[in-house]
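Biologist: I am new to this structure and would like a close, careful look at its enclosed and open spaces. Please explain your terms as you go.

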Amino acid sequence: MKIVVMGAGAIGSLFGGLLALRGEDVLLVGRRSHVDAINSRGLKISGMTDAIVHVRASTHPEEGDLILFTVKSYDTEKAASSLIINDDTIVLSLQNGLGNEEKIAEVVGREHVIGGVTSYGALFLEPGHVSHTGIGETVIGELDGSITERVSRLSDLLNKAGIMTSVTDSIKRKIWEKLVVNVGINAITAITGVKNGKLLEIPQLRELMRYASLEAVEVGRKQGIDLGYDLIDRVEEVARRTAENRSSMLQDISRGKKTEIDAINGMIVRLGEEVGVDTPVNRILTLLVRGIEKSEAFRR
């Protein structure tokens, strides 16, 4: 199987590297500096996985049987438009936020798209080097809820590479659950500069995390997604399990990169307006992150 990782940042490089270690034919598609480092020295993975992976890398995609789509949410449409697919190509989205699968489907056709979420932890350290910071779970599923042979084969492929993966018949709910977790953790860590575990240690941040998560659950329920209020406790559990992780949004802020705030907390604000749910905490978090993005400190 020819595997193309579209958006080889931290998590894309980690997953692509693990698949290449298993002997799969992998192409990492990423930024020029990262690509050049990988092609000259190999991909270095440190942390929970320690390896130098000799894998191909390019700034442009090639035709693939499986495309792991891990680009930032704001680049979804542009990246999807550059894909080269065949009749049987599977595009597996492992992105943050809502609506990515639909955007990809509009470009390549819904029949090619599978949804997914992952709680694996990865950190981009420098071009050619990522750190594997946490082992979590990856869940994948067909957009229509069916359990197909192709999604089962894909699960087997990922599991054989050491990426713990299961199949669900309700991927939309799983994507919402991941969104609630990101809503509770990402913006607050990005604003305060703390690792995930600090959200549990500092009472004020813990309370803020719970309020933001509660708003997201309320919006999801109004949108017709059956989310239980126990999900708010699960947000804390994720923060506990990933205590030493720096969230992807904090990583973006630290590197002066645009964040996915509009697809996460900003999405809760927008959808809340549609269904009549007030979201003051998420509105403030969204405004703060947008303000940081426009600040002099961010641009430096």
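Modeller: Helices (H or I, at least four residues) and strands (E, at least two) are DSSP runs, numbered from the N terminus. This is a predicted model, in which local features need pLDDT of at least 70 and side-chain atom pairs count only at pLDDT 80 or more, while totals for chains, interfaces and linings use all residues. Residues are numbered from 1 along each chain as its sequence is written, and side-chain values use heavy atoms, with hydrogens and water left out.

The second largest pocket (on a 1 Å grid over the protein atoms alone, an open set of points with protein on both sides within 12 Å along at least five of seven lines, whereas in a cavity a 1.4 Å probe fits but cannot get out; lining residues have an atom within 4 Å of a point) holds about 260 Å³ of space, a volume being the space filled by probe spheres set on points joined across faces, edges and corners. Its lining consists of 14 residues, and those nearest the centre are Leu98, Gly99, Glu102, Lys172 and Trp176. At least two lining residues come from each of helix H4 (100–108), H6 and helix H11 (265–275). Sorted by class (Ala, Val, Leu, Ile, Met, Phe, Trp, Tyr, Cys and Pro nonpolar; Asp, Glu, Lys and Arg charged; the others, Gly among them, polar), the lining of this pocket has seven nonpolar, three polar and four charged residues. Both domain 1 (2–169) and domain 2 (172–295) contribute at least three residues to the lining of the second largest pocket, with bounds that come from an automatic or database domain assignment.

Turning to enclosed space, a search of the whole structure finds one cavity of 30 Å³ or more, and the largest cavity has a volume of about 40 Å³. The residues that line this cavity are Gln95, Asn96, Gly97, Glu101, Gly116, Val117, Ile175, Lys178 and Leu179. Strand S8 (113–118) and helix H6 (171–192) each provide at least two of the lining residues, and H6 gives the largest share, three residues. By class, the cavity lining divides into three nonpolar, four polar and two charged residues. Here too, domain 1 (2–169) and domain 2 (172–295) each give at least three residues to the lining of the largest cavity. Helix H6 thus appears in both linings, supplying at least two residues to that of the second largest pocket and three to that of the largest cavity.
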